[in-house]
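Colleague: Could you take a close look at the ligand site for me? I'd like to know what surrounds the ligand and how the neighbouring sheet is put together.

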Amino acid sequence: PGTSRSLENYQGAPSVAGSEGVDMVVNPDAPPISKVEYKEATQIFFERCAGCHGVLRKGATGKPLTPDITRAKGTDYLKALINFGSPGGMPNWGSSGDLTPAQVDLMARFLQHDPPAPPEWGMPEMMASWKVIVPVDQRPTKKQNNYNIDNFFAVTLRDAGEIALIDGDTKQIINVIKTGYAVHISRLSHSGRYVYTIGRDGKIDLIDLWMKKPERVAEIKIGLEARSVETSKFKGFEDKLAIAGAYWPPQFVIMDGPTLKPIKIVSTRGPTVDTQEYHPEPRVAAIVASHEHPDFIVNVKETGRVLLVDYSDLEALNITTLDAARFLHDGGWDVSKRYFLTAANQSDKIAVVDSRDRKMAALIDVDKIPHPGRGANFVHPQFGPVWGTSALGNEKVTLIGTDPEDHPQNAWKVVEVLKGQGGGSLFIKTHPKSRNLWVDTTLNPDPKLSQSVAVFDIDHLDAGYQVLPIAEWAKLGEGPKRVVQPEYNARGDEVWFSVWNGKDQNSAIVVVDDKTRKLKKVIRDKRLVTPTGKFNVHNTVDDVY
Ligand code: DHE
């Protein structure tokens, strides 16, 4: 099936929070541990375990590991589990050789002590990290270059801690810009002028596309770990505000858009949606900007709540809290941009938020671990407007009706399930100008699948899919190449794929002609180190997908 070590690595990527600044919390009822050991164990935990179990071990993809639970299990049980893993997805850290027998023993003892918390990160820390590199009054008042910036792509160069700005018209790299560690996503201001890039380490870099050579104009660190950033898009607030969500500390911050000056920090700690137990570490996942109200829509992963944060009055912040389902992750708009469809991934549900009436529209059951990215919208020949998601846990592509006005019988129902190449899919994409639906299988253990994509003809979905060997087309030679994240150009006649290879190997971007499905161009360059996400300016500004 779709589960494999690559999937575990994906969900359990190292936490950036280091063992520095962490206080030792010793529990007298737990087996002895020295100060040096404690520090080593904390570091191992953040690197190997926190992604799934949470920094405070309250559980997410992985089981909770709080001392009440771990002490009841005891050292021998924990050692066996760490050594050999479990069918539920726990990796075999010992028998794989990733941890030495001494480290396995250390971790079994460490887990019976209280979890140390990484430091908080509030306004003083944010202000100390905030830098305006080019003040607003020294920036261009109109575009200083002749580029068609509408068709630029901001490309994440994951392991380089950089982004590449690529001109979609000429396929030239315009600039490679140093950013936060392992940039996660880029989003655009409403005008398309500013690129906001956020690193896993919580660093945001603001890039001005109006400069002769687009460059960074401001930076800030909003936490120790983060994944999401977005900008205000409602009429009257265009280019005014930005928001970023953190994994640690669990909070979001609203900033001045053109300078990144932090204005308001809001914690997401609180009770979970179902059992209403306190959760100390509800991470902020996807954030989108409403087109219906001056709201940011914030997914809080572990509590399973969606927050509609009204940014029209930051001194009297009005937050509407919606009950969705636990482990909210990524998602995107339906074609009308009224409904936000988002995955509650470990709950195997898609939550639908009505951004106009500020309420939940539906909670839809789907198959194992939906992972839409922002999803894909198209008019289904039989069912009308649909939004689709692929999945990490199986080969299904699930299509959901999104038109309660003209197709009420299909709205918020799974209208069709397509059979894709396999599990381990991360992203799915189409474009209003296209009749193709692209589905990657990046994390599938079979290299044939992880190195190719499936493409469906929207008008003949039952005809099945065609497979395009994208990685082979890139002709890169050695390496664990993975094809990830289809992204269209502005016109919707090309689709771009990253061929994500090892850090010391050659990677590339492969551009496919959407009509003919033939190779159009391979962008190969020494500077393109581990490309993953690509964000086309036009499509990201207008939420076209
Ligand atoms: Fe992502 C989006 C979290 C691993 C590439 N990723 C997101 C979002 C979240 C998230 C919350 C939605 C942001 C938004 O819309 O505001 N990602 C996480 C994780 O927690 C996880 C599982 C593990 C981790 O520790 O980071 C993870 N993600 C990855 C990867 O390994 C990927 C494939 C490669 C990489 O660059 O790290 C990856 N994530 C992406 C991309 C998007 C994304 C390309 C944006 C897709 C889009 O089209 O909008």
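Modeller: Here is a walk from the ligand out to the sheet. Bear in mind that this is a predicted model. The ligand has 22 residues around it, and the closest are H184, R227, Y247, R374 and T532. By character, that shell splits into eleven nonpolar, six polar and five charged residues. As for where they come from, four strands each supply at least two residues of the shell: β5 (183-188), β9, β15 (284-289) and β35 (531-536).

Now for some polar contacts. A ligand nitrogen sits 2.9 Å from an N or O atom in the side chain of H184, a residue that is also among the closest to the ligand. Over at I287 the backbone does the work: one of its polar backbone atoms is 3.1 Å from a ligand oxygen. Q485 uses its side chain instead, with an N or O atom 3.1 Å from an oxygen of the ligand.

On to the sheet, then. β9, one of the strands that feed the shell, belongs to an open sheet of four strands, ordered β9-β10-β11-β12 with antiparallel pairing. The edges are β9 (225-231) and β12 (262-267), each of which pairs on one side only. From one strand to the next, the twist averages 20 degrees. In the middle of that order, β10 (residues 241-248) and β11 (residues 251-256) run antiparallel and are joined by six bridges. One pairing you can pick out by eye is L241, whose bridge partner in β11 is D256.

How values were computed. Residues are numbered from 1 along each chain as its sequence is written. This is a predicted model: local features need pLDDT of at least 70, side-chain atom pairs count only at pLDDT 80 or more; totals for chains, interfaces and linings use all residues. Side-chain values use heavy atoms; hydrogens and water are left out. Two strands pair if DSSP finds at least two bridges between them. Axes are lines fitted to C-alpha atoms, for helices over the stretch in contact, and angles run from 0 to 180 degrees between N-to-C directions. A residue is near a molecule or strand if one of its heavy atoms lies within 4 Å of it. A polar contact is a pair of N or O atoms within 3.5 Å; within protein, one must be able to donate a hydrogen and the other to accept it, and residues adjacent in sequence count only if both atoms are side-chain atoms. Ala, Val, Leu, Ile, Met, Phe, Trp, Tyr, Cys and Pro count as nonpolar, Asp, Glu, Lys and Arg as charged, and the others, Gly among them, as polar.
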